Amino acid sequence: MSVQNVLNLIKEKNIEWVDFRFVGLTGKAQHISLPATEVDEETFVNGVAFDGSSIPGFRGIEQSDMVMMPDTETAYVDPFTAHPTLIIMSNIHTPEGERYDRDPRSIAQKAEEYLQTTGVGTTAFFAPESEFFIFDDVRFENGMNKSYFEVDSEEAGWNTGRKEEGGNLGYKVPVKGGYVPVAPIDSQQDIRSEMCNKLADAGLRIERHHHEVATAGQAEINFRFDTLTKTADNLLKYKYIVANTAREYGKVATFMPKPLFGDNGSGMHVHMSIFDGSEPLFYEKGAYANLSEMAINYIGGILYHAPALIALTNPSTNSFKRLVPGYEAPVNLVFSKGNRSAAVRIPIAAVTPKGCRIEFRTPDSTANPYLAFAAMLMAGLDGIKKKIDPRALGYGPFDTNIYEMSDAEKAEIRSVPGTLDEALDALAADSDFLIEGGVFTQDFIDNYIELKRGEAKAVAIRIHPHEYNLYFDC
């Protein structure tokens, strides 16, 4: 979309405000709104100024002036504001006009540019499956003398005996019993459909939606794959629309990986493939799972660099509450066809040559998608460049249920890091593949590790309520 087309859209839709957005290191969108009457061609040439020192992990107060450079291709009308508003994503530049090397969106674009210089292919496609919960009530507090959380849902399995409903109608979702039941067990068909309608109006191609495995309102909506940066843009749009539609219904949506103890968490399974023009490069008919050697090497790069990669794809302390055996969490660093207990799965049902892809199941939605997708691509490209063979390294294929293997057999399988600190240690030790081609910088990686160490420490020093169960009567 050209600048003139954006200006025409502002007039056609009677837009009153233009909301310029960028993304910080943690993946949260930030925004500044300008009156539409103040937006003209020069806005797209000169950008929109903001204070970088107020964004965690960006710049100090002595270098705080930064500029949002709008990307006109991302424009869409906000479906929630009372005053007609146009949303536009932006890249971050320095006042001197240079691309800011800590800008996650610019890093994603540099990863796409690097792919084209390698001669491997022209385009990388990504498709995330970002799961979430829809709750009716959320309460939490942390202080010197108290620490707790409490969530509730009208369909939660623990509410079969609740009297406050004015006549309990039953039909609750059992623990691990929520995968695709029909109504009245699935009480959230309409809210998910409304989310999908708004997403479609905002430009996403919706493929399907359904209730997920966990009790208490776990859901999934799938949208069509796209190129790396566009998919990251779409994921931010997806999270924004899901969260605000839930709010319109008097509910709350969360993409937190593990909000409930004892049931499945929410992942962000990421499907990936590489094309050369219109030719799919991951397909080879008759090979294992119809995968080409290039795809096998790409998997090798993902699994070899996985401990470091996970610092970017699962970058929260809560991520590692999900990454435990027994809840469909892909903790095993192996690959397999159709096997959901492996970190890398190759979908084989109803797959065409152009649909041939790999699925990295470990990530979750606390990830900044621009950084996570860029890092996955860089790991895969390193595997192709170095011809990393996951079969030779003992990464599979494993076509059996790994969760049912003996402890001795499982001991031979490499697992994901157990904590955020372990993943950050791995990233500190293995980051050269990210720096290749100047996609990430060492400054970015060092700064990112420092920021995330702070999160890990903030959780580690706080008293956990379960410690009272274990130790109060010592």
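Which strand gives the most residues to the lining of the second largest pocket? Keep that in mind as you load the structure, which is a predicted model.

**Stop 1: the second largest pocket**

Start by selecting E129, R208, H271, R345 and R357, the residues of the lining that lie nearest the centre of the second largest pocket. With those shown as sticks, you are looking into a space of about 970 Å³. The lining is made up of 44 residues, and they divide into 18 nonpolar, 11 polar and 15 charged.

Now colour four strands: β7 (123–135), β10 (206–211), β11 (218–223) and β14 (268–276). Each of them supplies at least two residues of this lining. And here is the reply to the opening question: β7 gives the most, with six residues.

**Stop 2: a salt bridge between two helices**

Next, select D233 and R105 and zoom in on their side chains. Side chains of opposite charge can pair when their charged atoms come close. Here D233 forms a salt bridge with R105, and the closest N and O atoms are 2.7 Å apart. Zoom out again to see what the pair joins: D233 sits in helix α5 (residues 228–248), while R105 belongs to helix α3 (residues 104–118). The two residues are 128 residues apart, so the pair links distant parts of the chain. If you enjoy hunting for such pairs, the whole structure holds 24 salt bridges.

**Stop 3: where α6 meets α7**

Move on to residues 293–304, helix α6, and residues 306–313, helix α7. How do these two helices pack, and at what angle? Their axes lie 6 Å apart, at an angle of about 75°, which makes α6 roughly perpendicular to α7.

To see the contact itself, show the side chains of I302, L303 and Y304 on the α6 side, then A306, P307 and L309 on the α7 side. The residues of this contact divide into six nonpolar, no polar and no charged.

**Stop 4: an enclosed space**

For the last stop, look for empty room inside the model. Rolling a probe the size of a water molecule over the atoms shows where empty space is left. How many cavities of 30 Å³ or more are counted here? The count comes to one, and the volume of the largest cavity is about 40 Å³.

Select L25, T26, L312, P315, T366, N368, L371, Y448 and K452 to display its lining. Try colouring these residues by type: five are nonpolar, three polar and one charged.

How values were computed
Residues are numbered from 1 along each chain as its sequence is written. This is a predicted model: local features need pLDDT of at least 70, side-chain atom pairs count only at pLDDT 80 or more; totals for chains, interfaces and linings use all residues. Side-chain values use heavy atoms; hydrogens and water are left out. On a 1 Å grid over the protein atoms alone, a cavity is a set of points where a 1.4 Å probe fits but cannot get out, and a pocket is an open set with protein on both sides within 12 Å along at least five of seven lines; lining residues have an atom within 4 Å of a point. Grid points are joined across faces, edges and corners, and a volume is the space filled by probe spheres set on the points. Ala, Val, Leu, Ile, Met, Phe, Trp, Tyr, Cys and Pro count as nonpolar, Asp, Glu, Lys and Arg as charged, and the others, Gly among them, as polar. Axes are lines fitted to C-alpha atoms, for helices over the stretch in contact, and angles run from 0 to 180 degrees between N-to-C directions. Angles under 35 degrees count as roughly parallel, over 145 as roughly antiparallel, 65 to 115 as roughly perpendicular and the rest as oblique. Contact means heavy atoms within 4.5 Å. A salt bridge is a side-chain nitrogen of Lys or Arg within 4 Å of a carboxyl oxygen of Asp or Glu.
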